[in-house]
Amino acid sequence: MSGIDGVGSTEDTEDTEGHERRGAPTVANGRDPQTFAILGAAIEVHRQLGSGFLEPVYQEALAMEFHDQRVPFEREVPLPVLYKGSQLPCTYKADFVCFGEIIVELKALAALSTREQAQLLNYLKATGLRRGLLINFGASRIESKRMAR
């Protein structure tokens, strides 16, 4: 687990088969500038609120922080789910889609599990989007997982 500004965070990038992915845009410190901006906003929310609230509280606060930090975002975006090239009548609502291409899923759990990670990977696969962030506000230290397909 690596830290950002002293806050614990996992920043692994994995493809859908669990292999490390290379070639994502990076800044001088080796991080993707878009996900770095998203995580910076999430860290500020966690600094202000701490842990213990339900997910909707963090979602509201993160929307405010995205606005303040000029991170482009859409909330509760209905994303089509494709099956064998055909759109299913049901949709998935992402907590956020930032920069028009990154699914951001929020959780307020004691710890993230492989279940939440699998859920995000399935959303990426079903929607055709390539990058996602799973952010957990429920622990005493913010936890995140960057995923790519």
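Is Phe99 buried, exposed or partly exposed? In this predicted model, Phe99 has a relative accessibility of 25% and therefore counts as partly exposed, since that value lies between the 20% under which a residue is buried and the 50% over which it is exposed.

**View 1. Phe99 in the loop between strands E5 and E6.** Phe99 is placed in the loop that links E5 to strand E6, the latter made up of residues 102-107. The backbone of Phe99 has a positive phi of about 55°, although the residue is not a glycine.

**View 2. Lys84 in the loop between strands E4 and E5.** Lys84 sits in the loop that follows strand E4 (73-83) and precedes strand E5 (86-98). Its phi is near 50°, which is again a positive value in a residue other than glycine. Lys84 counts as exposed because its relative accessibility is 73%, and the cut-off for that class is over 50%.

**View 3. Thr127 in helix H3 and its surroundings.** Thr127 belongs to helix H3, which covers residues 114-127. With a relative accessible area of 17%, Thr127 is buried, the cut-off for this class being under 20%. The side chain of Thr127 reaches the backbone oxygen of Tyr123 at a distance of 2.7 Å. When residues up to four places away in sequence are left out, Thr127 touches Leu79, Pro80, Tyr92 and Ile103.

**View 4. Leu120 in helix H3 and its contacts.** Leu120, which is also found in helix H3, counts as buried because its relative accessibility is 1%. Apart from neighbours within four places in sequence, Leu120 is in contact with Ile103, Glu105, Gly132, Leu133, Leu134 and Met147. For one of these residues, Gly132, the C-alpha to C-alpha distance from Leu120 is 7.0 Å, with the two residues 12 places apart in sequence. Ile103 appears among the contacts of Leu120 and also among the residues that Thr127 touches.

**View 5. Confidence along the protein chain, from strand E1 to helix H2.** The protein chain has a mean pLDDT of 83, and 79% of its residues reach 70 or more. Among the elements of the chain, helix H2 (residues 55-68) has the highest mean pLDDT, at 98, whereas strand E1 (residues 2-4) has the lowest, at 35. Over residues 1-28 the pLDDT is below 50, and this stretch nevertheless has 66 contacts in the model beyond near neighbours in sequence. Where pLDDT is low, the predicted coordinates should not be read in detail.

Note on methods: Residues are numbered from 1 along each chain as its sequence is written. This is a predicted model: local features need pLDDT of at least 70, side-chain atom pairs count only at pLDDT 80 or more; totals for chains, interfaces and linings use all residues. Side-chain values use heavy atoms; hydrogens and water are left out. Helices (H or I, at least four residues) and strands (E, at least two) are DSSP runs, numbered from the N terminus. Buried means under 20% relative accessible area, exposed over 50%, partly exposed in between (1.4 Å probe, protein chains only). A polar contact is a pair of N or O atoms within 3.5 Å; within protein, one must be able to donate a hydrogen and the other to accept it, and residues adjacent in sequence count only if both atoms are side-chain atoms. Contact means heavy atoms within 4.5 Å. pLDDT is the predictor's confidence in each residue, from 0 to 100.
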